Structure formats: structure tokens, C-alpha cells
Amino acid sequence: MKLAYKDMEHVIEFHENQVEILLLESQDCFSKFIEELYLQIQNGAGPFVFSEENCEINVSKWVNLIIEPFTLNINSKPILSKVMANVKLNALGENHYLRTLEMKGLIKSYIMQLTDVEHWELSVSENVDLDMIFKSVNLKIFDDYISLLEKIVSYVISVNDILGINIFIFTNLNTYLSMEELSQLYTECFYRKIFLLLVENNLREYLPCENVCVIDKELCEIY
């Protein structure tokens, strides 16, 4: 997996068990890089080219940009929609189909019993909507975390597993996590072959598994 950017000669290559670090010393370059990447993920067109085996890939389908980790929502609409679709497939699969029909019948029968005590003429849909049932019980992914690290790890794993995204780009993640916590995050991602790019604008100590490319304030590339 490779990442090319129009304002950068160096092509970032993603490898297993390695984290890519892009240090942009210029605040203007840092802001421009993040803004353009964000807009390309949203709109599909932009100055970035992600490729695998010389074939360009869709940025919005393969890349997740995380600017503010405290606001991560593991129960966002795209994630929950996919979760509900998978649960619905299970409900209609051979292992649960008969029980699903029985459950639908019981719900409809119960509603009809409730309407018998009223004087109004009421009707009930012939089809009991499974999606409405899932929403009524507030079906969602567990999101009660004891630390920011746990929240980030859970989000990355869930997005990878549910949406198939395997490139995660963080901005200044080192300001939120300690070196030990970064190492724990890397271990989780390496195990699942998830690729990480950390875009930063401040110097720090680096771990052995981090591959650093620096673009200094004079726009010289050091790697």
C-alpha cells in the first residue's frame, strides 16, 4: 500500500509491523495536508493517491482520518447500518429463521390483543419490520471505555472489521497517548494488519517500529 501527495516527493509505503510518521514542521503545511486529506475523503477527489499493487484505490472506502480522538463515535450511522444489516441476515438465516417468524407472530398477536380493549378501528402491518425492532431496543456497540486508548483501539478494530477500512491516519496522536500507550495501539493494529500513519508537527522520541519522514520548515524532505 502506498500514499503519494502532490506537494511531497517521498512516497509513503505501508508495511506490516511498521507505523509511518510524517512530521510537518511548518504549521501551514500541516494544516493544508490535513484539510486536503479531509476534503478528499469526503468528496473523492484531491491531491492524494492511495494505491495497492499499482492500482489506485478509493480513499473514502479505505482510509479513516482521525483528527480528534475524544469525539470518536463507534456507533456512527455507517457502522450501525452495517451492524444492523448483519444482524438482520442472521435473523433470516437458516439457524434463526423459524424463531424470527415466531417472534414476529408473537409481536403481532400481542399488539392485536392490546387493540381489542379500545373502541377504535385499528390495523397492524402484515410485516413486522426487523429494523424497527433493532432500533426500539437501542441496538449498538458497547462504548463504555475506561481510557482514551481503549476507546481508540475499540474504534479502529470495529471500523476495520465492520467497514473494511484498514488505513487509519491520526493527527498529533502523541499529544494524547504516552509512548507506552502508542506501543499498545501499534501491537493491536499489527496483529490485525491495520496500517497507521501519524501526521505530526512536533518533535519527539520515536519507537523502533516507527518510520519517520520529516518535511522541515524550508520544505526539505528528510527520511
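**Helix α6 and the sheet it packs on**

Trainee: What covers the buried residues of α6?

Mentor: This is a predicted model, in which local features need pLDDT of at least 70, side-chain atom pairs count only at pLDDT 80 or more, and totals for chains, interfaces and linings use all residues. Residues are numbered from 1 along each chain as its sequence is written, and side-chain values use heavy atoms, leaving out hydrogens and water. Helices (H or I, at least four residues) and strands (E, at least two) are DSSP runs, numbered from the N terminus. The cover, counted by contact (heavy atoms within 4.5 Å), includes β6, α3, β7 and α7.

Trainee: How far apart are the end C-alpha atoms of α6?

Mentor: The 16 residues of α6, at 1.5 Å a residue (times one less than their number), should span 22 Å. The model agrees with this, for the end C-alpha atoms lie apart by 22 Å.

Trainee: Which strands stand at the edges of the sheet?

Mentor: The open sheet has 6 strands in the order β6-β7-β8-β3-β9-β10, with mixed pairing (at least two DSSP bridges between two strands). Two of them have a single partner strand each, so one side of each is left without a neighbour in the sheet: β6 and β10.

Trainee: What angle does the direction of α6 make with that of β7?

Mentor: Strand β7 runs parallel to β8, joined by 5 bridges, and F168 stands opposite L196 in β8. Helix α6 packs on the sheet, touching β6 and β7. Between N-to-C directions of axes fitted to C-alpha atoms, for helices over the stretch in contact, on a scale from 0 to 180 degrees, the angle of α6 with β7 is about 150 degrees.
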